[in-house]
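Here is a short walk through one protein model, written for someone meeting it fresh. Have the 3D view open and follow along.

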Amino acid sequence: MNVKRVLSLILVFPLAFCCAPLCGAQDNSVPELAEYGFVDCGDVKIEYGVYGKLDGEPLLLLPPNGGSMHSFDGNILPEMAKHFKVITVSPRGTGNSGWKEGTMNFETMSEDLLKLLDYLGIAQTNIFGFSDGGNLGFVFTLAHQDRVKALAVMGSNINTRGTKTFNQIGIVFEYLYLCAAAKITGDEKIAIKRDIQGMMVGQPRLTYDDLSQIKVPVLNIYGENDMIKRSHSKMITRSIEGAREIMIIGGGHSSCFNYTDEIINPALLEFYGVDTQ
């Protein structure tokens, strides 16, 4: 594999791509679910699952907009479960988690995560978040920095100005359609989709100055052809002291699913300090 063709390191970041356990075909079968349940967050109950090494270092996986605890099945989860105690979660309104109108925002979901970590007795965790999951990772880290050991994000933006105009227009139009459909039909399922979609219309509301407050290690991954503006992704990295970034050449917004074995998993393991030799 010609790594230079698919990977551009914007900052110096030595990845262990030649580690034997990660080369060639990977076993991406979903590992056995070690624990499953719900945590009571007051107004709703949040679904979660635990995989991998129960005595290992925790790793919290945060799914994209509308994604659930199963969003990383068959890609990120199988490899991470070999090295970590992996916690997956269905944010409110997704999977089997509850939903309450007017509560679909990153700040509320951040507090849901805090309750989940407290419930599981986890004092500090590594985090990987994709898309809105990365946005949630930023919000959670800013609110509860002492609970985060290291944060890796993929295809994330800190405000809607970071999304390419064409993509943002599509997001808004779909949201307006769902607003109309929910009002006309009174269907709760459509209302949930409306609220989930609405998170991409006006959220998150962070600034680069906010990011400068983050002191934990951060890895920012994005695709060359991501729906997030490249200038925005670069500024995210520059705003956080010591942050590292990887741009995947030829990659789009869902690059973590297209380049899982070749790039993403090795990069995450190196970033989190896992010795794969």
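## A buried pair

Let's start inside: Asp 112 and Arg 92 are both buried. This is a predicted model, so keep that in mind as you look around. The side chains of Asp 112 and Arg 92 meet in a salt bridge, at 2.8 Å from N to O. Asp 112 sits in helix H3, while Arg 92 belongs to the loop between S5 and H3, so their pairing ties together parts that are 20 residues apart in sequence.

How buried is Arg 92? Its relative accessibility is 1%, and the cut-off for buried is under 20%, so Arg 92 counts as buried.

## Arg 92 has a second partner

Arg 92 also forms a salt bridge with Asp 43, where the closest N and O atoms are 2.9 Å apart. This pair links distant parts of the chain, 49 residues apart: Arg 92 is in the loop between strand S5 (85–90) and H3, and Asp 43 is in the loop between strand S2 (33–40) and strand S3 (45–52). Asp 43 is partly exposed, with a relative accessible area of 36%.

Put the two bridges together and you get a network of salt bridges linking Asp 43, Arg 92 and Asp 112.

## Another bridge from H3

The count of salt bridges comes to 9. One more to look at joins Asp 118 and Arg 147, with the closest N and O atoms 2.9 Å apart. Asp 118 lies in helix H3 and Arg 147 in the loop between H4 and strand S7 (148–154), so this bridge ties together parts that are 29 residues apart in sequence.

Are these two partners buried or exposed? Asp 118 counts as partly exposed, at 45% relative accessibility. Arg 147, on the other hand, is buried, with a relative accessible area of 14%.

## The largest cavity

Now for the empty spaces. Searching the whole structure turns up 2 cavities of 30 Å³ or more, and the largest has a volume of about 120 Å³. It is lined by 16 residues, and the closest to its centre are Pro 64, Asn 65, Pro 91, Met 109 and Asp 132.

Which helices help to build this lining? Helix H3 (106–120), helix H4 (132–143) and helix H6 (188–202) each supply at least two residues. H4 gives the most, with 3 residues. By class, the lining of the largest cavity splits into 9 nonpolar, 5 polar and 2 charged residues.

## The second cavity

The second largest cavity holds about 50 Å³ of space. You'll recognise some names in its lining: Arg 92 and Asp 112 are there, along with Ile 46, Val 89, Pro 91, Met 109, Leu 113 and Leu 136. H3 gives the most to this lining, with 3 residues.

The lining of the second largest cavity has 6 nonpolar and 2 charged residues, and no polar ones.

## One last stop: Thr 260

Finally, find Thr 260 in helix H10 (residues 260–271). Thr 260 is buried, because its relative accessible area is 5% and buried means under 20%.

What does Thr 260 touch, leaving aside its neighbours within four places in sequence? Thr 260 is in contact with Asn 75, Ile 76, Ser 255, Asn 265 and Pro 266.

Technical notes:
Residues numbered from 1 in each chain as written. Predicted model: local features only at pLDDT ≥ 70, side-chain atom pairs only at ≥ 80, totals over all residues. Heavy atoms only, no water. 1 Å grid on protein atoms, 1.4 Å probe; cavity = no way out; pocket = protein on both sides within 12 Å on 5 of 7 lines; lining within 4 Å. Points joined across faces, edges and corners; volume = space filled by probe spheres on them. Helix = DSSP H or I, 4+ residues; strand = E, 2+ residues; numbered from the N terminus. Nonpolar A, V, L, I, M, F, W, Y, C, P; charged D, E, K, R; others polar. Buried < 20%, exposed > 50% of the residue type's maximum accessible area, 1.4 Å probe, protein only. Contact = heavy atoms within 4.5 Å. Salt bridge = Lys/Arg side-chain N within 4 Å of Asp/Glu carboxyl O.
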